[in-house]
Structure formats: C-alpha cells, structure tokens
Amino acid sequence: MRERRCRLLNKCLLLAYDQGMEHGPTDFSDENVDPAAIEKIAKDAGVFTGIVFQAGIAEKYRSDQLPPLVVKLNGKTGFHKKEEPVSLQLCSVERAMELGATAVGYTIYVGSEHEEEMMKEFGKIVEEAHEKDLPVVAWMYPRGKHIEEIEKRDRDRGDKKEMNETIAYAARLGLELGADMVKLPFTGDTQSFSWVVKSAGKTRVVVQGGGKKEEGEFLEEVRQIMDSGAAGMAVGRNVWQHPDPVGIAKKVAQIIWG
Ligand code: FBP
C-alpha cells in the first residue's frame, strides 16, 4: 500500500459537503449555500484531513489550499423517500482523479432491496481505485423497509440490540467489499460501537455527524466514538451550521488528536 492510501487510514476528520445533492439547499443558510464559504471554513480551521464534494462542486471550486479532496462517486436526491433507497454511480474514478481526488466515496444503503446493485458497482470501483492506488471510503448506511422493521422490533423490545448489530454488519460488509474506510451512524454508546469498530477489522471507521445537535451533546458523542477505537469523524452540518464553524471544528479535532 503506497503513501496515498496510508494517509487515509490514520486518524481523520473529513468535512462533508454533499448535502446539496442529498437534501437540496434546505440545509443551507445565505452564507453556507456558497461552496466558497465551506472552503474558507476548511482553510481557516486547518484541521480537516479531507473535504467531501460531488464532482460538480469539485470542478468549480477546487483550490490547492484545501484539504485533500474526496470525490463522492454516487448520490441521490431526496425526492424518493417512500421508495427503497438506491444510489448509483454518477462520476467515474478516472474523472475523480482528474479533479484531483485523493480518495473516492460511495454510499451503500445496507439492507435496501437494491443493495446488490450498489455492492456490485462498489466492487468495481474498489478494483479500479485500488489499481490506481486511490483509497475508497464507503458510506455504509442501513436504510429501507427491512431496516425499519429492525428498528420497530427494537422499539417494541425497548433496546437497540438488532440495530446495533446491523451497524456492525454494515461495518463488516465494508471490510468484505474492500473499503479502506467506512462511514457509519453511531450506535449511541461506547460498548456497542467498539464491537462495530472490531467488526470492521483493518477497515478504518469514521462516523457521520447527522442533523445539527446541541454542541455539548455532539462533542460528547465524538468523545465516545473515539473511545470506541474509531479513526475519526466525517461531519458536515454540525460544523458548517454551527455559529462558529472554525471553533467547533477545532474542538472536534482536539478530541480526535488530543
Ligand atoms: P452530516 O454530518 O451533515 O450528516 O453529513 C454526513 C452525510 O453522510 C453527508 O455526506 C450526506 O450528504 C448526508 O449525510 C446524507 O444524509 P442522509 O442520508 O441522512 O439524508
């Protein structure tokens, strides 16, 4: 494994900014709707080990002073919430490299009726990216009606046993498919998340930020995630929707790197 792939395997803090495709501009304010504002946050904070863009933004806003670029290769809109989730490849590995990517990202909706299609596409991406010595980050998100059934069974029992085991399954699936890093939801406690991290083996684990939370709650979550043995965070809204994005980014980095 050459240097470029190793770099992603260390502790990391990725700044995610692909929500414009996934959710539309609804997440944005007058300021952070401008990708240039996100670039300024990344530059001023100086703590991010990567920034996640879709190809369109990477093409128009990429600058050399930014953290290493992770180009997201697939994505979907928010218009099909009632259907089984599926997200297919929109950008090639080759194009991502032309745009300056130092890693590529891809979402698999684990448990969706379309998971096989995404796994197949992801397998080919891993093959091609690794041939070019490019690390691959897999957003492993359990979603769809089978996952909703699991959540319902957990709710009826009053625990999160099955869902936590599903997140560990998603982590393991990432390892089996050849991901260098998996991005997962947090289970909510250190004990269950340590099992998730163990299940991922040599595939490093980062955690999504999710919707904007109160600062104390968010930072406590980051502490628990790091105590579980995770490599770091891949966070968007909890940074750029914060009144002090640079300040919160530095606090997260302080927890990750101590
Ligand atoms: P956040 O930290 O803002 O949650 O970003 C993480 C992320 O995975 C993004 O990369 C992606 O656009 C978004 O969440 C998808 O959110 P969801 O699938 O929950 O709608």
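# Ligand site and selected residues in a predicted model

Ser-199 is a buried residue, because its relative accessible area of 9% falls under the 20% cut-off. The structure described here is a predicted model, and the points below take up the surroundings of Ser-199, the ligand and its pocket, the residue Asn-238, and the loop that holds Lys-132 and Asp-133. The ligand occupies the largest pocket, and there are 14 residues around the ligand.

**Ser-199 and Lys-198 in helix 9**

- Ser-199 belongs to helix 9, which covers residues 190-199, and Lys-198 is also placed in helix 9.
- Within this helix, the side chain of Ser-199 comes to 2.7 Å from the backbone oxygen of Trp-195.
- When residues up to four places away in sequence are set aside, the contacts of Ser-199 are with Ala-168, Arg-172 and Leu-175.
- Lys-198 has a relative accessibility of 60% and therefore counts as exposed, the cut-off for that class being over 50%.
- Between the C-alpha atoms of Lys-198 and Met-163 the separation is 16 Å, with the two residues 35 apart along the chain.

**The ligand and its surroundings**

- Which of the 14 residues around the ligand come nearest? They are Asp-18, His-23, Tyr-141, Gly-210 and Arg-237.
- Oxygen atoms of the ligand also have polar protein atoms beside them: a polar backbone atom of Gly-236 is 2.8 Å from a ligand oxygen, a polar side-chain atom of Trp-139 is 3.1 Å from a ligand oxygen, and a backbone N or O atom of Gly-209 is 3.2 Å from a ligand oxygen.
- Taken alone, the ligand would expose 470 Å², and 91% of that area is buried by the protein.
- Helix 2 (19-22) and strand 7 (136-142) are the elements that contribute two or more residues to the shell around the ligand.

**Asn-238 in helix 11**

- Asn-238 lies in helix 11, made up of residues 237-240, and with a relative accessibility of 1% Asn-238 counts as buried.
- The side chain of Asn-238 has a polar atom 2.8 Å from the backbone nitrogen of Lys-213, and a polar atom of the Asn-238 side chain is also 3.4 Å from the backbone oxygen of Gly-209.
- Gly-209 thus appears in two settings, since one of its backbone N or O atoms is 3.2 Å from a ligand oxygen while its backbone oxygen is 3.4 Å from a polar side-chain atom of Asn-238.
- Leaving out residues up to four places away in sequence, Asn-238 touches Gly-209, Gly-210, Gly-211, Lys-212, Lys-213, Phe-218 and Ile-248; among them, Gly-210 is one of the residues that come nearest to the ligand.

**The loop between helix 6 and strand 7**

- Asp-133 sits in the loop that runs between helix 6 (115-131) and strand 7, and Lys-132 is found in the loop between these two elements as well.
- Is Asp-133 buried or exposed? Asp-133 counts as buried, because its relative accessibility is 7% and the cut-off is under 20%.
- Lys-132, by contrast, has a relative accessibility of 28% and so counts as partly exposed.
- Most residues other than glycine have a negative phi. Asp-133, which is not a glycine, has a positive phi near 60°.
- The C-alpha atoms of Lys-132 and Val-93 are 9.0 Å apart, although 39 residues separate the two along the chain.

Conventions
Residues numbered from 1 in each chain as written. Predicted model: local features only at pLDDT ≥ 70, side-chain atom pairs only at ≥ 80, totals over all residues. Heavy atoms only, no water. Helix = DSSP H or I, 4+ residues; strand = E, 2+ residues; numbered from the N terminus. Buried < 20%, exposed > 50% of the residue type's maximum accessible area, 1.4 Å probe, protein only. Polar contact = N/O pair within 3.5 Å; in protein donor to acceptor, adjacent residues only side chain to side chain. Contact = heavy atoms within 4.5 Å. Near = heavy atom within 4 Å. Areas by Shrake-Rupley, 256 points an atom, 1.4 Å probe, with all protein chains shown as cover. 1 Å grid on protein atoms, 1.4 Å probe; cavity = no way out; pocket = protein on both sides within 12 Å on 5 of 7 lines; lining within 4 Å. Sits in = over half its atoms within 2 Å of the grid points.
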